[in-house]
Number of protein chains: 2
Amino acid sequence: MSSALPKAARRGLADEAADLVRAAIFSGHFPPGAPLREVELAQRLGVSRGSVREGLAQLEHEGLVRGGWHRGTTVIRVTAEDAQEVYALRAALDRLAATTARRAATAEQLCALDRLVAEMTAEIAEGGDAPRLVALDIAFHDQIYAAAGNGRLTSAWEAIRSQVHLFQLRRVDVAYDHYRARVVDEHRELAALLRSGDIRTLARRAEEHVESARRSLLAGLPTAP
Amino acid sequence: MSSALPKAARRGLADEAADLVRAAIFSGHFPPGAPLREVELAQRLGVSRGSVREGLAQLEHEGLVRGGWHRGTTVIRVTAEDAQEVYALRAALDRLAATTARRAATAEQLCALDRLVAEMTAEIAEGGDAPRLVALDIAFHDQIYAAAGNGRLTSAWEAIRSQVHLFQLRRVDVAYDHYRARVVDEHRELAALLRSGDIRTLARRAEEHVESARRSLLAGLPTAP
DNA sequence: CGATGTCTCAATGTCAACATTAGGACAAGA
DNA sequence: TCTTGTCCTAATGTTGACATTGAGACATCG
């Protein structure tokens, strides 16, 4: 069959709260450095502090927020050093994901990649909403990790996924033209290499793809705030 | 100065509970597949269920236990597939950690590596307690990650560290002689390469070191339950 | 006899109250 | 003025009780 059923994942309020807060951070409602108070979030989301607390712990494992003993939780700030760390790790993970997926990916999964590239193309043709493009970008890489089929690798990706998402949103803020001009071509090439490319070339291009994003963000970062 | 003070990290009961349960798993008190009931742990550790719950969530992020919606938490089982996943990811992480540390490590950190190798040598001379050797092995790699100085990379390592620890304990169960014969030499070579070796050679040897561990474990795994 | 519906209970999910702490305001002293 | 000690408060850490759920036992029906 095409795909196993979505296994009816019934989730708890903690996951719900985590999703809500994460979306609020991406939307800019909670800017970098903003404090996330448990009581305030609890009554705003209509759940108890325990659930909010569990959700915040999840976001902390995603690296989106930082907290300490009796010191509250705050949204991370996007410093050049943070970007260096995240993109260095992402390069290593993407490299492994790509080379693994090169051998393990099914035809259906490869088609899903092509479909995402097509959606990016269509999005740009319609004007190009930046957040939507970034979401497609992330979804493309999600699909590669899924195709690799390594649960631990996927978990490692999920631990920096939200940070990458945040950084990419920042990137399109400071260098949208550069991003818009390259996003489709780079992903189209990755998709092609994943379907029928040399492993070593694929590994190199996967790393370079991340390197490209890192430079693009860092070029505009020091000038910001 | 030699080192910044350990910043007096005051921890909560949740971390304490996580440490206790983790140790209990390593010691074999909770064998693979054993259920971890919150109520039982709570009264045995003398803390509330909330703290135990938070601790278990931490262990779940470490991949040591698995849990689902209203389905309890159980210790992971060591299957061949799990080992493949963990060691594939570890190879990528160790490669990045080693190459990064090659440039960033301080003299003090390199000496710490030598000291650990010396401890391994001494331990083997005294008979060679397997769990202690494994602990030194893990500590050696901890030190490399610390020397790399990439917080996100260290977090990714911590997300599989406990699983690696568990797998290595299993490895010395099934192939202690092989482990005992190689552990000192392999780590001594890594330490030397980190001090003054070619980057590409270091990257390759770091991956091979993991590959060696993977094969050693997998060779004895399928025969075991 | 096998399949299906219902029931039961042990275990987890959720909640609101209580205990503890970090960090700042403030005043006294050198 | 700078340092130091104290207090206060807003937030987090912790707890036990209540609500909900999943999985197996059991009975019923085909």
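Is A:Val210 buried or exposed? Keep that in mind while you look around; the answer comes a few stops down the road.

**Before you click**

What you have open is a predicted model, where local features need pLDDT of at least 70, side-chain atom pairs count only at pLDDT 80 or more, and totals for chains, interfaces and linings use all residues. Residues are numbered from 1 along each chain as its sequence is written, while chains are lettered from A and ligands numbered from 1 in the order in which they are written.

**Stop 1: chain A on its own**

Hide chain B for now and show chain A as a cartoon. You should find 9 helices and 3 strands; here helices (H or I, at least four residues) and strands (E, at least two) are DSSP runs, numbered from the N terminus. Follow chain A along its sequence and the pattern reads α-β-α-α-β-β-α-α-α-α-α-α.

Now spin chain A around. Its C-alpha trace spans about 55 × 50 × 35 Å along the principal axes. Chain A has a radius of gyration of 18 Å, which agrees with the value near 17 Å that a compact globule of 225 residues would have. That radius is taken over C-alpha atoms, and the globule rule is 2.2 Å times the number of residues to the power 0.38.

Of the contacts in chain A with a separation of 6 or more, 76% are between residues 24 or more positions apart. Two residues are in contact if their C-beta atoms, placed from the backbone, lie within 7 Å.

**Stop 2: A:Val210**

Select A:Val210, which sits in helix α9 (residues 199-220) of chain A. Back to the opening question: A:Val210 is buried, because 21 other C-beta atoms lie within 10 Å. The cut-offs are these: a residue is buried if 20 or more other C-beta atoms lie within 10 Å of its own, exposed if 12 or fewer, and partly exposed in between, with C-beta atoms placed from the backbone. Buried residues make up 37% of the 225 residues in chain A.

Light up what A:Val210 touches: leaving out residues up to four places away in sequence, that is A:Tyr87, A:Arg90, A:Ala91 and A:Asp94. Try a distance too: the C-alpha atoms of A:Val210 and A:Leu93 are 10 Å apart, although 117 residues separate them along the chain.

**Stop 3: A:Leu93**

Click on A:Leu93 next, in helix α4 of chain A. It's buried as well, with 25 other C-beta atoms within 10 Å. Now bring chain B back. Which residues does A:Leu93 touch, not counting residues up to four places away in sequence? They are A:Leu153, A:Ala156, A:Trp157 and, over in the other chain, B:Ala92.

**Stop 4: A:Phe140**

Jump to helix α6 (residues 130-148) of chain A and pick A:Phe140. With 21 C-beta neighbours inside 10 Å, A:Phe140 counts as buried. Its contacts, apart from neighbours within four places in sequence, are A:Leu113, A:Leu116 and A:His187.

**Stop 5: a loop with a twist**

Select A:His70, in the loop between β2 (65-67) and β3 (73-75) of chain A. Phi of A:His70 is near 55 degrees, a positive value in a residue other than glycine. Most residues other than glycine have a negative phi. A:His70 is exposed, with 7 other C-beta atoms within 10 Å. Check B:His70 too: it has a positive phi of about 55 degrees, and with 7 C-beta neighbours inside 10 Å it counts as exposed.

**Stop 6: where the chains meet**

Colour the two chains separately. Here 24 residues of chain B are in contact with 25 residues of chain A. On chain B's side, α3 (49-61), α4 (80-104) and α7 each supply at least two residues, and α4(B) gives the most, with 8 residues.

Zoom in on helix α4 (residues 80-104) of chain A and helix α7 (residues 151-174) of chain B: their axes come within 7 Å and cross at roughly 45 degrees. That makes α4(A) oblique to α7(B), since angles under 35 degrees count as roughly parallel, over 145 as roughly antiparallel, 65 to 115 as roughly perpendicular and the rest as oblique. The axes are lines fitted to C-alpha atoms, for helices over the stretch in contact, and angles run from 0 to 180 degrees between N-to-C directions. To see the contact, select A:Glu85, A:Val86 and A:Leu89 of α4(A), plus B:Gly151, B:Arg152, B:Leu153 and B:Ala156 of α7(B).
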